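Me: I'd like to learn how to read a few features in a protein model. Could you walk me through them one by one?

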Amino acid sequence: MKILLTGANGFLGGVVVHELGKNHQIITLSRSVGDYKVNLDKVIPNFENSFDLVIHSAGKAHVLPKTFEERQQFYEVNVVGTKNLLKGLEKSNLPKQFVFISSVSVYGQDFGENINEEFSLNAKDPYGLSKIEAEVLILEWCKINNVICTILRLPLLVGENPPGNLGNMVKAISKGYYFNIGGGLAQKSMVLAKDVARLIPNAAPIGGVYNLTDGVNPSFYQLSLAISIHQNKKPPYNLPLFIAKLMGYFGDLLGNKMPLNSLKIKKITLGLTFDDTKAREFLGWKPQGVLEYYEKDVI
């Protein structure tokens, strides 16, 4: 199968190339490297190839915007970039299948339990809003052009050298300054990047919108302990909740000078999990547990 992969230079994109490149022809697109070097938020690509499947993984994430310009970048990259990709595909032979890598951020929740695909899309932040708008664009485009559309809403991605908050956790544990708050009891949904990549060829011919998780939803304590053991480090320290809340209060007053604020404390101490029953029933989704991964694989 001939596959166009956008965001090939990103974390998940690299895993997709590694996992699917063994059995499929992967044609890559990113800003600076790959078969097509295209800045999608600025340029409509001219494709010389036709594709059986398009995996749209390119996007902006892992940044907290502080200015209007930074907030606008989410729209430009995630929405305008998607529009330009679709316009470029219209000028070539249309693909048979389209897979969009979205996020559970579209639900707009800081806490909750077993949120499924029927939950309202209530995102208010620039990242979540841009993902919602991109989903709508893609769904409408695929319907008009008779292309099978699959949307995968992902939580925290786990794998070698992960980005974002998990990457920060791994680094902090390795250097001995990570600590859990209030016992680290809050559960969070997460999923292995390699399991997402391996699912794509099976999901693409079926279509639909799916949450993906490892089905275990480890707590911060379980995850940090597994990483610590894997790195031969001491178990993480625990910060009592009342001290953390006090630090969060001062963080609210002092701004970016403090590593914690009340919002971060809230997110860390409240659970947020998602239901992937639909993917298990319709796609045969059988992922590896994240904790098991840290027991067996190398970070």
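Reply: Happy to; we will go through strand pairing, one residue in a loop, and aromatic rings. Keep in mind that this is a predicted model.

Me: Let's begin with the strands. How many bridges join β1 to β2, and do they run parallel or antiparallel?

Reply: A general idea helps here: in a regular strand, side chains alternate between the two faces of the sheet. In this model, β1 (residues 2-6) and β2 run parallel, joined by five bridges. One place to look is L4, whose bridge partner in β2 is I27. To get from β1 to β2 the chain passes through helix α1 (residues 11-20), and this β-α-β crossover is right-handed.

Me: What does β2 pair with besides β1, and is β2 mostly covered or open?

Reply: β2 is also joined to β3, by two bridges, and these strands run parallel. There, S30 stands opposite K37 of β3. As for cover, β2 spans residues 25-30, and five of its six residues are buried.

Me: Now a single residue. Where is D41, and is it buried or exposed?

Reply: D41 belongs to the loop between β3 (36-37) and β4 (53-56). The way to read burial is to compare relative accessibility with the cut-off: buried means under 20%. D41 has 14%, so it counts as buried.

Me: Which residues does D41 touch?

Reply: Leaving aside residues up to four places away in sequence, D41 touches R31, E76, V77, V80, G81 and N84. With R31 there is also a polar contact between the side chains, at 3.4 Å.

Me: On to the rings. How many aromatic pairs are there, and how do I read one?

Reply: A pair of aromatic rings is described by two values, the distance of the centres and the angle of the planes. The count here is seven aromatic pairs. Take Y36 and F47: their ring centres are 5.2 Å apart and their planes meet at 85 degrees, so this pair is edge-to-face. Y36 lies in strand β3 while F47 is in the loop between β3 and β4, so the pair ties together parts eleven residues apart in sequence. Both Y36 and F47 are buried. Ring pairs also bring in F51, linking Y36, F47 and F51 into a cluster.

Me: Which rings have a charge over them?

Reply: Here are two cases to look up. The charged end of K60 sits over the ring of F74, 5.5 Å from the ring centre. K278 lies over the face of Y210, with 5.1 Å to the ring centre.

Conventions. Residues numbered from 1 in each chain as written. Predicted model: local features only at pLDDT ≥ 70, side-chain atom pairs only at ≥ 80, totals over all residues. Heavy atoms only, no water. Helix = DSSP H or I, 4+ residues; strand = E, 2+ residues; numbered from the N terminus. Buried < 20%, exposed > 50% of the residue type's maximum accessible area, 1.4 Å probe, protein only. Polar contact = N/O pair within 3.5 Å; in protein donor to acceptor, adjacent residues only side chain to side chain. Contact = heavy atoms within 4.5 Å. Pairing = 2+ DSSP bridges. Right-handed = clockwise from strand over helix to strand, strands pointing away. Phe/Tyr/Trp six-rings, centres within 6.5 Å; stacked < 30°, edge-to-face > 60°. Lys NZ or Arg CZ within 6 Å of the ring centre and 35° of its normal.
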